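Let's take a walk through this one together, starting where the chains meet and ending at a metal site. Have the viewer open as you read.

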Protein chains: 2
Amino acid sequence: MASKAAVPLSQNESPLKQSLLNAKQSHLLDQLQAAGHELSGQDLHARLRGTPHGMGLATVYRHLRQLQQRGLVRCRHLPSGEALYAPTERDEHHLTCVDCGRTLPLRVCPMHDVQLQPQQLDGFQLLFHTLEFFGICPSCQDRQDAP
Amino acid sequence: MASKAAVPLSQNESPLKQSLLNAKQSHLLDQLQAAGHELSGQDLHARLRGTPHGMGLATVYRHLRQLQQRGLVRCRHLPSGEALYAPTERDEHHLTCVDCGRTLPLRVCPMHDVQLQPQQLDGFQLLFHTLEFFGICPSCQDRQDAP
DNA sequence: TGTCCAAATGAGTATCATTCTCAATTCGAC
DNA sequence: GTCGAATTGAGAATGATACTCATTTGGACA
Ligand SMILES: [Zn+2]
Ligand SMILES: [Zn+2]
Ligand SMILES: [Zn+2]
Ligand SMILES: [Zn+2]
């Protein structure tokens, strides 16, 4: 993640992002995009500490909420209750073991081309979705069969 | 606890349910099915208090976890962090406003007939899924347009 | 450049759902 | 009835997130 040539805000920066985000929000989004995987609020706070873009924990959570409200970031909750954040542009979901908690990323989003009926939307402007699968992983299946 | 001859457990009781659940777990599941909508752990504890099926909060959460591990119950987390539980047999999902939090139940599950590729499952035994949509409700759209 | 106000910030504190601890109780087998 | 194992629940601990409020920042304006 180190760096992309000093260009703080990436090239794929959208007009939306430019017009609506302040510097700290952009840094959070950059961090999430660069990480390549989900991060918790605490993770983000820890990663930015010491860098020129460090910010307080309260600010991290405040901006994560706003990024969600703009549809740029989505979060899911682990069974532990911890919330993990990811950019919505990365349309990834997971398969999680209800027993040991092991998590497996899915390569494609099964909702990719499924459309919600406009009548179901009831006027809502759709921003993003969360989709998670739960099951029992192979090793937990074995443990259950022969304990 | 009181009696079981009296058939407190409903007629739709499946073999799975009979063989794997104890009395308290069945009462929790019955309560969730009877409610017709999602309930939090606190809700369940409050509803059962005073009835012959009352149980401690710790027990409620313990059994909710086990019901999830058996694939009989699923939960989703509100932005507030509160977890809401529902029976997996009720395949319902929601559309939630990221601004005011208003929630709209969807009538049908868009994943209903979408199948996950076996190769994606990597040996997992699939139990259930969670799917939630997020957007901006009509009244919050208005407020944003003309503040 | 100096003054002003509104918005943004963050250290510390509060909240609150969930989990943990462990002594007491219940269950089941003999 | 007795004994060990499993279940239970009251209360305390945990931990992520939200809140408070005094301070800082930033830009408009003179
Ligand atoms: Zn597992
Ligand atoms: Zn998706
Ligand atoms: Zn709204
Ligand atoms: Zn569904």
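How many residue pairs are in polar contact between chain A and chain B? In this predicted model, the count is 12 residue pairs, taking those with both residues at pLDDT 80 or more. Salt bridges don't feature here: the count between chain A and chain B is 0.

Which parts of chain A do the touching? The elements giving two or more residues to that side are helix H4 (57-69), strand E4 (94-97), helix H5 (118-121), strand E6 (125-136) and helix H6 (138-145) of chain A. E6(A) brings the largest share, with 12 residues.

Now zoom out to the whole contact, which draws 39 residues from chain A and 39 residues from chain B. About 3600 Å² is buried between the two chains, and carbon and sulfur atoms give 64% of that area. On the chain A side, look for A:Gln120, A:Phe124 and A:Phe134: these lose the most area to chain B, together 19% of what that side buries.

Next, swing over to the zinc ion (ligand 4). Its protein donors are B:Asp91 (OD), B:His93 (NE2), B:Cys109 (SG) and B:His129 (NE2), and they lie 1.9 to 2.2 Å from the ion. Along the chain, the donors follow the spacing D-x1-H-x15-C-x19-H. The site is tetrahedral, with angles of 92 to 119 degrees among the 4 donor atoms. For reference, the ideal angle for four tetrahedral donors is 109.5 degrees.

Two of these donors are worth a second look. B:His93 has 1% relative accessibility, so it counts as buried. B:Asp91 sits at 26%, so that residue counts as partly exposed.

Key: Residues numbered from 1 in each chain as written. Chains lettered and ligands numbered in written order. Predicted model: local features only at pLDDT ≥ 70, side-chain atom pairs only at ≥ 80, totals over all residues. Heavy atoms only, no water. Donors = N, O, S within 2.8 Å, 3.2 Å for Na, K, Ca; no water. Tetrahedral: all angles 85-135°; square planar, octahedral: opposite > 155°, others 65-115°. Buried < 20%, exposed > 50% of the residue type's maximum accessible area, 1.4 Å probe, protein only. Contact = heavy atoms within 4.5 Å. Buried area = accessible area lost by both parts, 1.4 Å probe. Salt bridge = Lys/Arg side-chain N within 4 Å of Asp/Glu carboxyl O. Polar contact = N/O pair within 3.5 Å; in protein donor to acceptor, adjacent residues only side chain to side chain. Helix = DSSP H or I, 4+ residues; strand = E, 2+ residues; numbered from the N terminus.
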